[in-house]
Amino acid sequence: MAMASFEELTNDMDLAALASRRSRYTTLMVALGVFGGGLYGYTLTALSGALITMNIGTGENGLLTSGEQGLITSLLLLGAIVGSFLGGTLFDRLGPRRMIRIGALLAVPGAVICAVCPNLIVLYIGRLIMGLAIGFTSTIIPLYLGEMTSAAKRGRIVSVNSVMIVVFQLLAVSVNAVMNVMGADWRAMLWAVVVPAAALLIVAVIISDSPYHMARHGLDAEAVRLLVETRDEMEARSTYEAMTAAPKSGEDSKSRHPGFSEPWLRRVLIVGIGVALMNQLGGQNMINYYAPTIFSSTLGFDSSMAIVATVPVIAVSAVAAVIGGLGLIDRIDRRVILLTGLAGTVIFLVAIGVSYIFVNANPGSSTAAWVMIALMMIYLVFVQGMVAPVSWLLLAEVFPSFARGRGVGYANIAMNVANFLLSLVFPVLLGLVGGSGTFFVFAVINIACFIFAKVMVPETRGKSLEQIELEARERGGAKA
């Protein structure tokens, strides 16, 4: 059956009235990015201050052993792996609105279980539930923001999510520091996670499905209405016309859009997974998770000082993320930002490794300790202000509409597997090869990331999602 044209579908619509709602949708998408990224960042980081004071472990005086620290941290990521898989698999069937709501609904009880846990077993369960929740939301929200936003605004709107990850990491370490000074225990630090979880749930109740999901399920009039509400008329028209070429839910899409076996789609999947891995292999989460542990075990800070010293480190990271993710992302080409960030990451990973040598040679030296902390700050400027925002944004851009859910799901699985493994082995690696060896290893890995980005990552700034797909087909030798 012939598809209705854009003109036919908009004939009875008040286009001016629909266009007047664009600012409302922009505000709603910003709020979703704030609390979606916020929940992810706060959940990842809130535990860092609690780890060194948690008293339900099997170590001395009930403190956690290094193995228990690694397991508690990594179980969140194990849950996120499962959540990413389910998010990508169920995306086309359930749609982004339901998936985001499921993630938010899981996050609230998951946070409560972690805060009230009587023992490690219950804490492990709570961390798995929280991981499942952020697996859903971290997979679907950037993708959804990309589908709900015009090409001109897509970079900044999608980047709100990644920027808020870092901003809420700063909020988490700041809240932990204040609570520590006030004498609050680690449970209070974990109770605070309930706040961003509840805020995300409120926003999730308000949002609608994306126009792409509506079009895939034959809801053409609703899709066009939402396109006009979120884009100018010309872009809404061209986007709808591109949508009409995609198969509806229930149609035989395998002959028209086969899986990732096609060469051009394999290349897109490789790019997506590579970009997702870059977001972890920079090593920034090792500082986010274990900064207080590093400062106490390596630099000799007591637990209170270690928690407080983490605040300025993450503060610099947050400022860099805001400037890079919101100020530069739509003004400078994505590839330029990414390659500059990776080059800076390599240089300062090496510098941190060298600084460890001086710290070890001058035990107790406050100068050597603060030089290392300063180098960590500069390192985070590159990795959090440049690499991370571009990585999250590219995940929402590079996959074609018909494979976006599965593609982002696979990429997020790779990202969370890497995060899981790194968080699990980092304390052990630090003990085996020392700080210098650990950061030198990360430097070598990031040289490989730079080469990959130079060769494989496409430029997407200012292009519609349909144009990005067309160029991907052409690079892979497929027919448009």
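This report walks through the confidence, domains, core and bent helices of one protein model.

The structure is a predicted model, in which local features need pLDDT of at least 70, side-chain atom pairs count only at pLDDT 80 or more, and totals for chains, interfaces and linings use all residues. Residues are numbered from 1 along each chain as its sequence is written, and side-chain values use heavy atoms, leaving out hydrogens and water.

**How confident is the model?**

pLDDT is the predictor's confidence in each residue, from 0 to 100. Its mean over the protein chain is 83, and 91% of the residues reach 70 or more. Among the elements, helix α8 (residues 194–206) has the highest mean pLDDT, 94, and helix α13 (residues 284–297) has the lowest, 68. Helices here are DSSP runs (H or I, at least four residues), numbered from the N terminus. Take care with residues 249–257, where pLDDT stays under 50.

**Two domains and a core**

The domain assignment (automatic or from a database) gives domain 1 (20–207) and domain 2 (260–479). Their contact, meaning heavy atoms within 4.5 Å, takes 49 residues from domain 1 and 49 residues from domain 2. The centres of the two domains, taken over C-alpha atoms, are 19 Å apart.

A nonpolar core is a set of buried Ala, Val, Leu, Ile, Met, Phe, Trp, Tyr and Cys residues joined through side-chain atoms within 4.5 Å. Buried means under 20% relative accessible area, exposed over 50%, and partly exposed in between, with a 1.4 Å probe and protein chains only. The largest such core has 152 residues, of which L32, M54 and L338 touch the most other members. Helix α16 (residues 366–397) gives the most to this core, with 18 residues. Each of domain 1 and domain 2 supplies at least three residues to the core. Not counting residues up to four places away in sequence, M54 touches several residues, including L47, I72 and W186.

**Two bent helices**

The expected span of a helix is 1.5 Å times one less than its number of residues. A bend is the angle between axes fitted to the seven residues ending at a residue and the seven starting there.

| Helix | Straight span | Span between end C-alpha atoms | Bend |
|---|---|---|---|
| α4 (residues 66–116) | 75 Å | 22 Å | about 115° at L94 |
| α17 (residues 404–456) | 78 Å | 19 Å | about 115°, centred on G434 |

In α4, a proline, P96, follows the bend within four residues.

**A meeting late in the chain**

Which residue is 4.0 Å from G476, C-alpha to C-alpha, yet 212 residues apart in sequence? That residue is W264. G476 lies in the segment after α18 (465–475) and counts as partly exposed because its relative accessibility is 29%.

Technical notes:
Helix = DSSP H or I, 4+ residues; strand = E, 2+ residues; numbered from the N terminus.
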